[in-house]
Amino acid sequence: MTDATNNGGPVLAADGTPLKKSLAKALRLQKMRALGLIAPLLIFVMVSFIIPIGSMLFRSVENGLVSETLPLTVAELQQWNGDSSEPPGEEVFSAFVADMVVAIEAKNHTRLGTRLNYEKTGMSSLFRKSGRKIKNLDPAVDGPFKEKLIDIDKRWGDVETWRTIKTHSVGITNGYFLNAVDMRRTPEGAQSQPEDKQILITLFKRTLIMSLAITASCILLGYPVAWILANLPARTANILMILVLLPFWTSLLVRTSAWKVMLQQQGVINEVLVWLGMVPDDARLVMINNQFGTIVAMTHILLPFMILPMYSVMQTIQPTYLRAAKSMGATNWTAFWRVYFPLSVPGIGAGSILVFILSIGYYITPEIVGGTKGVFISNRIAYHISSSLNWGLAAALGAILLAVVLVLYWAYDKIVGIDNVKLG
Amino acid sequence: MPDAAQNDAFVEFERVQKSYDGETLVVKDLNLSLPRGEFLTMLGPSGSGKTTCLMMLAGFETATHGDIRLGGTSINNIPPHKRGIGMVFQNYALFPHMTIAENLSFPLEVRKMGKSDREAKIKRALDMVEMGAFGGRRPAQLSGGQQQRIALARALVFEPELVLMDEPLGALDKQLREKMQFEITHLAHSLGITTVYVTHDQTEAMTMSDRVAVFEDGRIQQLAPPDQLYEEPDNSFVAQFIGENNTLEGVVKEINNGIALVQLDDGELIDCNPINVGVGDRTRVSIRPERVEFNKDRLKEGTHTIKAEVLEFIYMGDIFRTRLRVAGNDEFVIKTRNAPDQVRLEPGAQIEIGWLPEDCRALDA
């Protein structure tokens, strides 16, 4: 010990190796062991979560289809001035036919048509219809093609058609993101969608506003419950806690359907109100398939996520704080508002973040009880994934949703401080 | 003395009872009155009802029966925040989300006091507990002793006439506790406030209080100044609870001229001061260890002495503590001052011990 510290050089361990080295060696073993323990989960998360999400997000900008299917055409189109009112020349048309013959052989041309149809209606049918006829052309001998194609379908003589192909021939595109915010990629740059196609911004706004409303009603309903639970003796609190957790024991679908039974016009609540004479029979309340129904059902479903963190934070607030405040002359309300409430804010914060993030991406409940007025952006994403098959747009919408959540999280951290979030 | 206090009583408990479950009484028939400026300690083992009494006075518990008066008016139906009583809690209960200055400002703000008045009072209160530089800190950044001072300052900042303290020094280490005992007493007396202090630590009660109320089984067993409590306990519970005490059991044979002759269970006879016993009663005789004498020259002529065997001698520096077997009791302890001429008793030695009859109190069995 003495010679290790006295010679001024690096401190040595008992066997003569530098102390830092042997410490690192000792710690490395621990780190390896820790890594080994989390490895199964890490691999599982990588394979089942991070990689799929990453590839999905990549789809929101990936746009290889046009340039892969029509490589020669895209190369020739570079020479063509998209701003001119003249359709491109013969070289583009012959390149196009050559590309199309290959694509039709591989049955890729309909996919291309579908892809371009997102940008300009009618492209899908144009490609399908023309495909059948172009199949019979031989790119080597049948030229020139310009007139022939325009004969097949006069839209091939339309400058717009070629502009669309040229605009969307880039490999990485912002087109999906522009679509996701009700804009589109045009040869003249980004432009707003026509009025009748602008729905996504509205949906984003609605999703945010309704998620906030759901979070707020969860706070209002959950706070008193959490307070009661935290102030009851442990035995009673545990029994009541079972009631709070009871919804978790039933399937989400069952609970949502139950709300349908409760809220519909021939449902329990309306029947009772009519029977009591509080509502006339011919003017039953519309409480389902709209925003009200979605907010009610989702508040009920997400309420436990608000109560649990609030409860565990409130449990740690000593009752002597309130007594101390009252002994100093504070009324019940002042004692609550100045002392108890600030101490319970971390619980509200944790619950709100949970409920808000869960509800902003909620899908099944709005789908069942939301009708057309009460659906969320996630329902639109699901539609593009499974019905319209516009995965690029779905991915862009998902990426925006993710970004919004991250921004809100960041804002929360700035305003309240993430250290102030406690789950217990 | 109690009669004089009755006239200008500031805090009064009259026939107060408290039950939590409707079956057993936690506080049984409590009568207590204290004058302005007194430092009264409620001392007792846990579960003796002392904290319940404090909470009833603060207004956090309601008396099941009886009257509690403050300055002559009954406060039974006045909510805690209107009683104007300062309180120091066991765990200090400083608000963790406020700075020290904000904590002290709280009672002044709820009284709608102006900003400049508040600042002056906060400064005065912090200086009073020598914590003037800590106003901007948060409670978690202070040590236990500093938090204790802040809690005290916060209870005093709105200048209450009555301050209640619920085992405020329980969480501190011994040295700090002794220092704070002195400071709290000093502060209470210099400000002239009335203090009710709850503790289970008898040393704390003895060193701090003007009077001590010893609680047991929901009743006050004795209410007296510390010296009287120690030297003249009213019953065997108080004698046992306060300080170190030797107990011998026997029967009162006769009482002559205020001196009782007690026959111990092994037949020995001793002279005692009868307190609450009559002829023929069983009694517990209580003698303080430092009042026992084994040097015959220092005892009065004709004093009854009894035989004892030395079991153990412990050197404690300032005193010697010797354990004896007396009348079949192996736990009989005597304390002697470490003086140049003091005898150090050897274990195994046979000696005779005696005492002044007035120091040996025959109490209820």
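Student: How many salt bridges does a search of the whole structure find over all chains?

Tutor: The search finds 33 salt bridges over all chains. Please keep in mind that this is a predicted model. The general idea is a distance test: a side-chain nitrogen of Lys or Arg must lie within 4 Å of a carboxyl oxygen of Asp or Glu. In this structure, the side chains of B:E161 and B:R36 meet in such a bridge, at 2.4 Å from N to O.

Student: Where in the chain do B:E161 and B:R36 lie?

Tutor: This pair links distant parts of the chain, 125 residues apart. B:E161 is in the loop between α5 (144–156) and β7 (162–166) of chain B, while B:R36 is in the loop between β2 (27–35) and β3 (39–43) of chain B. B:E161 is partly exposed, with a relative accessible area of 46%.

Student: What separates B:D127 and B:K123 in helix α4 of chain B?

Tutor: These two residues are 4 residues apart in helix α4 (residues 115–128) of chain B, so about one helical turn separates them. Their side chains meet in a salt bridge of 3.0 Å, N to O. As for accessibility, B:D127 is partly exposed at 38%, whereas B:K123 counts as exposed at 53%.

Student: Which residues do salt bridges that share partners join into one network?

Tutor: The network consists of B:E12, B:E14, B:D67 and B:R69. Within it, the side chains of B:R69 and B:D67 meet at 3.0 Å, N to O.

Student: Are B:R69 and B:D67 buried or partly exposed?

Tutor: The general idea is a cut-off: a residue is buried under 20% relative accessible area and exposed over 50%, with partly exposed in between. B:R69 has a relative accessible area of 16%, so this residue is buried. B:D67 stands at 23% and therefore counts as partly exposed.

Student: Which residues does the buried B:Q181 touch?

Tutor: Let us first place the residue. B:Q181 is in helix α6 of chain B, and its relative accessibility of 8% makes it count as buried. Leaving aside residues up to four places away in sequence, B:Q181 touches B:L169, B:E204, B:T207 and B:M208. A case in chain A may be read in the same manner. A:T256, in helix α13 of chain A, is buried with a relative accessible area of 0%. With the same kind of neighbours left aside, those up to four places away in sequence, A:T256 touches A:I301, A:T365, A:I368 and A:V369.

Student: Where does B:G192 lie, and how far is it from B:D173 in space?

Tutor: B:G192 lies in the loop between α6 (174–191) and β8 (194–199) of chain B. From C-alpha to C-alpha, B:G192 and B:D173 are 28 Å apart in space, and they are 19 residues apart in sequence. B:G192 is partly exposed, with a relative accessible area of 45%.

Student: Which residues of helix α14 of chain A are buried, and why do they line one face of the helix?

Tutor: In α14 (residues 268–276) of chain A, the residues A:N270, A:L273 and A:V274 are buried. To read such a pattern, one looks down the helix axis. Seen in this way, the buried residues of α14(A) fall within an arc of 100°, so they line one face of the helix. What covers them includes α13 (252–263) of chain A. Just after α14(A), A:G277 takes a positive phi of about 80°.

Student: How many residues does each chain bring to the contact between chain B and chain A?

Tutor: Chain B brings 22 residues and chain A brings 17 residues. An interface is also described by the area it buries. Between chain B and chain A this area is about 1,800 Å², and carbon and sulfur atoms give 67% of it.

Student: How many salt bridges and polar contacts are found across this interface?

Tutor: Across the interface there are 2 salt bridges. In one of these, B:E61 pairs with A:R323, and the closest N and O atoms are 3.9 Å apart. The interface also has 4 residue pairs in polar contact, with both residues at pLDDT 80 or more.

Student: Which elements of chain B supply the side that touches chain A?

Tutor: β6 (85–88) and α3 (100–109) of chain B each supply at least two residues of that side. The element that gives the most is α3(B), with 3 residues. The residues on this side of chain B divide into 15 nonpolar, 3 polar and 4 charged.

Definitions and conventions
Residues are numbered from 1 along each chain as its sequence is written. Chains are lettered from A and ligands numbered from 1 in the order in which they are written. This is a predicted model: local features need pLDDT of at least 70, side-chain atom pairs count only at pLDDT 80 or more; totals for chains, interfaces and linings use all residues. Side-chain values use heavy atoms; hydrogens and water are left out. Contact means heavy atoms within 4.5 Å. Buried area is the accessible area (1.4 Å probe) that two parts lose on being put together, summed over both. A polar contact is a pair of N or O atoms within 3.5 Å; within protein, one must be able to donate a hydrogen and the other to accept it, and residues adjacent in sequence count only if both atoms are side-chain atoms. Ala, Val, Leu, Ile, Met, Phe, Trp, Tyr, Cys and Pro count as nonpolar, Asp, Glu, Lys and Arg as charged, and the others, Gly among them, as polar. Buried means under 20% relative accessible area, exposed over 50%, partly exposed in between (1.4 Å probe, protein chains only). The arc is that of the directions from the helix axis to the C-beta atoms.
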